[in-house]
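Visitor: I'd like a close look at one part of this model, please. Could you take me through the salt bridges?

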Amino acid sequence: MNNLKIYDASRTDAAIMLSSLPINEETQLIHSNYFSIIWIQQGGGNLITDFFKTKYQAAEIYCFNNYQAFCLTPELQGKAQILRFHPNFFCIETHQHEVGCNGILFNDVYDVTPIVVNDSLQSEVGSLLSQIAKEQDQNDHAGDELLFSYLKILLIRLTRAKSTHQLFDGQNPAAVELNQLMSLINQYATHEHQPSFYAKELHVSVKTLSKNCKKYFKKTLSNLICEKIL
């Protein structure tokens with residue numbers, strides 16, 4: 001396994017990096033202090049994170065937090081594009097009200113559901129990544145502003161695409177409850193560690209909330225809180 005790669009966005013490394021990633025028969029472990037967006041373009045296999053193992057295939061996009069380790073174990077050789085950006089360049093929490101990706105694309109360690117890339121999204125994402133690639137080598141303030149804008153548009157587009165295909169049906173009361181729970185955990189987990197706090201905020205019993213967590217997330221509410229803290 002590879003070691004954690006620390007990039008210094010304030011010195012020698014770019015604040016945003018786009019590169020091609022060949023996925024061969026060896027396990028590809030990626031672990032860095034950058035946020036990562038990986039677009040699987042060819043191939044398929046197993047995707048493993050800190051808490052999940054799932055299948056990946058072509059025409060899918062996955063998003064990972066900074067410092068979140070993930071690895072690709074291919075069953076079919078393929079290729080991907082990976083976009084990394086440093087939180088000092090684009091802070092997810094600071095721009096949450098503009099982009100809305102916090103808890104949908106990032107900061108949700110118990111959700112590794114992919115964004116399915118249809119023809120429309122493929123065209124749009126491909127165009128944005130091409131624009132980012134053109135600006136990567138520009139060492140001027142205007143280039144940084146353009147990169148920031150392209151990244152912002154990309155995050156908005158991916159957030160909309162994933163929100164449209166949420167795992168849970170928004171008309172299901174349990175689904176609404178659990179989506180609200182995910183938002184609460186993202187917001188309060190660093191200082192609210194007790195399941196009773198979240199049950200009280202959602203106006204349900206701890207027993208009911210725990211039962212729904214086990215049914216949909218396959219783990220306890222305490223596990224979800226601990227995973228977010230980690």
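Which side chain meets that of E124 in a salt bridge?

Guide: Happy to help! A word on the ground rules: this is a predicted model, in which local features need pLDDT of at least 70 and side-chain atom pairs count only at pLDDT 80 or more, while totals for chains, interfaces and linings use all residues. Residues are numbered from 1 along each chain as its sequence is written, and side-chain values use heavy atoms, with hydrogens and water left out.

The partner of E124 is R157, and their salt bridge has an N to O distance of 2.6 Å. Here a salt bridge means a side-chain nitrogen of Lys or Arg within 4 Å of a carboxyl oxygen of Asp or Glu. Because E124 sits in helix 2 (residues 119-135) and R157 in helix 3 (residues 141-164), the pair ties together parts that are 33 residues apart in sequence. Helices (H or I, at least four residues) and strands (E, at least two) are DSSP runs, numbered from the N terminus. E124 is partly exposed, at 31% relative accessible area; buried means under 20%, exposed over 50%, and partly exposed in between, with a 1.4 Å probe and protein chains only.

The structure holds 2 salt bridges, and K55 forms one with E75, where the closest N and O atoms are 2.6 Å apart. K55 belongs to strand 4 (residues 53-57) and E75 to strand 6, so this pair links parts 20 residues apart in sequence. E75 counts as exposed, with 51% relative accessibility. Strand 6 (residues 70-85) also contains F70, which is buried at a relative accessible area of 1%.
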